[in-house]
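Please show the structure first. The visitor then asks questions and the guide answers them.

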Amino acid sequence: MSTNMSPATTAGLSMPARVVDRGGLQQTLVTLVRREFWEHRTLWIAPLATAALLIVCTLFARHMQFQVDDVNSGTLSARQALAVSTIVQAVVFMTLNLVAALFVSFYLVDCLYAERRDRSIYFWKSMPVSDGLTVASKVLVAMVVVPLGVWALAGATHVLISLVFAVHAALGHVPASAVAWNTLTWLRVEFLLLIGLVLGVLWNAPITGYFLLVSVLARRNAVMWAMGVPILLPLLERIVLGTHYVWTFVVYRLQGIWDILANHGDLNFIAGQAADKSHFNMPPIDALLGELNFRAAFLAPDLWLGLIAAAAMIYAATRIRRYRDDT
Amino acid sequence: MAQSVHHRVKKMTAVIEARGLTKAYGAQRALDGVSFTVQPGRIVGLIGPNGAGKTTALKAILGLTSFSGELRVMGLDPRLQRDALMREVCFMADVAVLPRWLKVNQALDYVAGVHPRFDRSVAESFLRKTDIRMSSRVGQLSKGMVTQLHLALILAIDARLLVLDEPTLGLDLLYRRKFYDTLLNDYFDKQRTIVLTTHQVEEVENLFTDVIFINRGHVALDSAVEALGERYQQLTVSAERCAPARALKPFYEHEVFGRVAMFFEGRTKAELAPLGELRTPSIADLFVAKMQRVTP
């Protein structure tokens with residue numbers, strides 16, 4: 001397909017292979033990533049459907065009221081309204097992320113297992129695509145494409161939700177004072193969420209690696225192995241030894257980073273407190289930023305140890321796919 | 001100049017060179033020191049009973065399995081240079097390895113995206129001659145149509161070596177015929193090489209230029225088809241005239257309707273012709289004869 005008629009080719013000399021390869025590598029990677037979304041359609045359908053559901057909900061939320069302590073939704077100040085908007089922004093983001101994380105998990109467990117189950121691995125392997133590139137494309141989907149896509153989708157969803165609220169206010173469904181918009185604040189929150197997203201993806205990298213490893217190893221019931229081990233092992237420990245180290249470890253690897261980010265406090269608690277303390281008078285982002293320690297989080301040894309473990313597991317998955325011969 | 005080019009082409013190295021290929025699954029040896037050579041521009045039939053080691057040999061050639069021994073495919077080591085090798089080699093393992101969720105146009109997009117030697121228009125023009133619709137999913141196609149789709153993809157890839165492992169298994173006769181006709185007419189030329197395994201030897205024996213029989217991990221026969229007539233003879237004699245023929249030591253014989261078909265290796269026409277009806281055995285008959293001898 002790449003018929004670049006350079007003087008070199010017309011003269012009957014083949015182009016240097018490396019020149020062809022560089023453009024080819026990018027094209028190959030894009031094709032491989034597209035392929036993943038063809039096979040695993042839930043990866044984009046599920047977040048989109050959830051976003052659509054959230055928007056539809058706001059369409060019908062004509063009489064929404066809330067009362068937190070002495071803050072009433074009917075009598076919000078402009079700052080308080082902005083704080084509410086920021087909270088909605090974060091909640092939309094977290095909701096979509098939770099949905100995406102669930103489907104990405106199933107995707108990871110399936111991606112190197114399904115191709116052996118339906119023997120399509122013979123087709124994929126008949127193409128000039130290395131195992132390294134194949135596994136890389138799956139890691140890229142799980143750790144970059146879907147998270148960034150969900151981040152963008154969450155931002156767009158929040159804009160639409162805000163618009164719907166503006167229309168509600170214009171029609172008199174909600175008090176005009178309850179609706180606020182500040183582009184700078186919105187952008188700051190989006191940026192904060194993005195940093196948090198990067199942190200979360202990096203922290204969860206060992207889980208990505210573990211799921212890929214299970215996917216490439218499992219002879220059957222890959223999901224059982226992936227989800228069963230982290231649940232049954234702690235249970236077994238509890239019954240046999242009466243301890244709960246494994247469970248503590250599993251929970252730590254799932255969400256320990258947020259404790260580190262919150263200076264070893266509970267992030268949700270701090271976020272709630274931040275909103276509470278300010279009586280919504282200050283955008284919670286400002287209250288929150290003072291409590292967070294991104295430096296400590298990104299420099300946490302456990303984050304980097306996790307990344308090394310993830311790299312090792314992803315590399316192992318690549319090597320195993322190379323010579324796996326049981327189809 | 002022309003002379004030297006001609007000389008170079010003649011000296012071109014073999015497409016596949018295997019020496020002492022060995023692969024064991026546990027205690028069982030799927031390949032036990034297998035050696036063979038495949039020259040360019042040939043259509044080689046790799047023939048053997050189930051579990052003989054054919055598929056293992058193909059997997060080794062394609063770098064899909066580990067093995068010991070020496071193996072060069074297109075001058076490359078399939079163990080270490082698999083990615084480079086797959087630009088030159090195309091393969092179709094069995095039928096229906098295309099995933100059910102894949103749409104026909106996605107299949108074309110995919111191969112176009114990853115294979116530098118894929119010519120989409122070739123695949124599209126082949127598909128136009130079939131009943132396959134671009135928007136169909138593989139899961140909606142019949143087995144024959146899936147094979148046609150896979151064949152369309154392969155025809156559009158300019159590869160030097162095509163490896164086919166039972167490509168028509170489970171297809172009806174019409175699809176099988178069409179498959180091999182297309183392969184021979186639209187794909188094969190003297191620059192390309194095809195290695196093919198199949199159970200249905202009778203159907204494709206006219207296709208082969210070379211045959212390699214594999215049994216129990218060993219090469220039982222490796223010959224150009226045109227040389228078979230020189231090496232092997234099938235003599236049919238009536239039952240009562242068996243003794244003089246038997247004295248020439250046939251390696252296999254079987255009785256049909258009171259007559260005995262005997263298979264000889266390395267006997268001359270002059271020795272055998274007076275004893276009965278002499279002909280060159282078909283590949284299928286030779287296969288049965290060879291396998292019976294190895295497996296008493």
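**Questions about a predicted model**

Visitor: Which element of chain B has the lowest mean pLDDT?
Guide: This is a predicted model, in which local features need pLDDT of at least 70, side-chain atom pairs count only at pLDDT 80 or more, and totals for chains, interfaces and linings use all residues. Residues are numbered from 1 along each chain as its sequence is written, while chains are lettered from A and ligands numbered from 1 in the order in which they are written. pLDDT is the predictor's confidence in each residue, from 0 to 100, and among the elements of chain B (helices, H or I, of at least four residues and strands, E, of at least two, taken as DSSP runs and numbered from the N terminus) helix H4 (residues 104-114) has the highest mean, 95. The lowest mean, 45, belongs to helix H1 (residues 2-11) of chain B.

Visitor: How many contacts beyond four places in sequence does the model have for residues 1-11 of chain B?
Guide: Chain B averages a pLDDT of 86, and 94% of its residues score at least 70. Over residues 1-11 of chain B, however, pLDDT stays under 50. Two residues are in contact if their C-beta atoms, placed from the backbone, lie within 7 Å; for this stretch the number beyond four places in sequence is zero.

Visitor: Which helix gives the largest share of the side of chain A that touches chain B?
Guide: The contact takes 24 residues from chain A and 25 residues from chain B. On the chain A side, helix H2 (17-39) and helix H6 (121-124) each supply at least two residues. The largest share, nine residues, comes from H2(A).

Visitor: How far apart do the C-alpha centres of domain 1 and domain 2 of chain B lie?
Guide: Chain B is divided into domain 1 (2-216) and domain 2 (227-294), with bounds from an automatic or database domain assignment. In the contact between them, 10 residues of domain 1 meet seven residues of domain 2. The C-alpha centres of these two domains of chain B lie apart by 34 Å.

Visitor: Where does the largest nonpolar core lie, given the domains of chain B that give residues to it?
Guide: A nonpolar core is a set of buried Ala, Val, Leu, Ile, Met, Phe, Trp, Tyr and Cys residues joined through C-beta atoms within 7 Å. The largest has 92 residues, and Val44(B), Val89(B) and Val163(B) are among those that touch the most other members. Domain 1 and domain 2 of chain B both give residues to this core, so it lies between them.

Visitor: Why is helix H2 (residues 54-61) of chain B largely enclosed?
Guide: A residue is buried if 20 or more other C-beta atoms lie within 10 Å of its own, exposed if 12 or fewer, and partly exposed in between, with C-beta atoms placed from the backbone. The buried residues of H2(B) include Lys54(B), Ala57(B) and Ile61(B). The helix is largely enclosed by the rest of the structure because its buried residues number eight of the eight.

Visitor: Which residue of E6(B) is the bridge partner of Met92(B)?
Guide: From strand E5(B), Val89(B), Phe91(B) and Ala93(B) point one way and Cys90(B) and Met92(B) the other way, and all are buried. Two strands pair if DSSP finds at least two bridges between them; five bridges join E5(B) to the parallel strand E6 (residues 161-165) of chain B. The bridge partner of Met92(B) there is Leu164(B).
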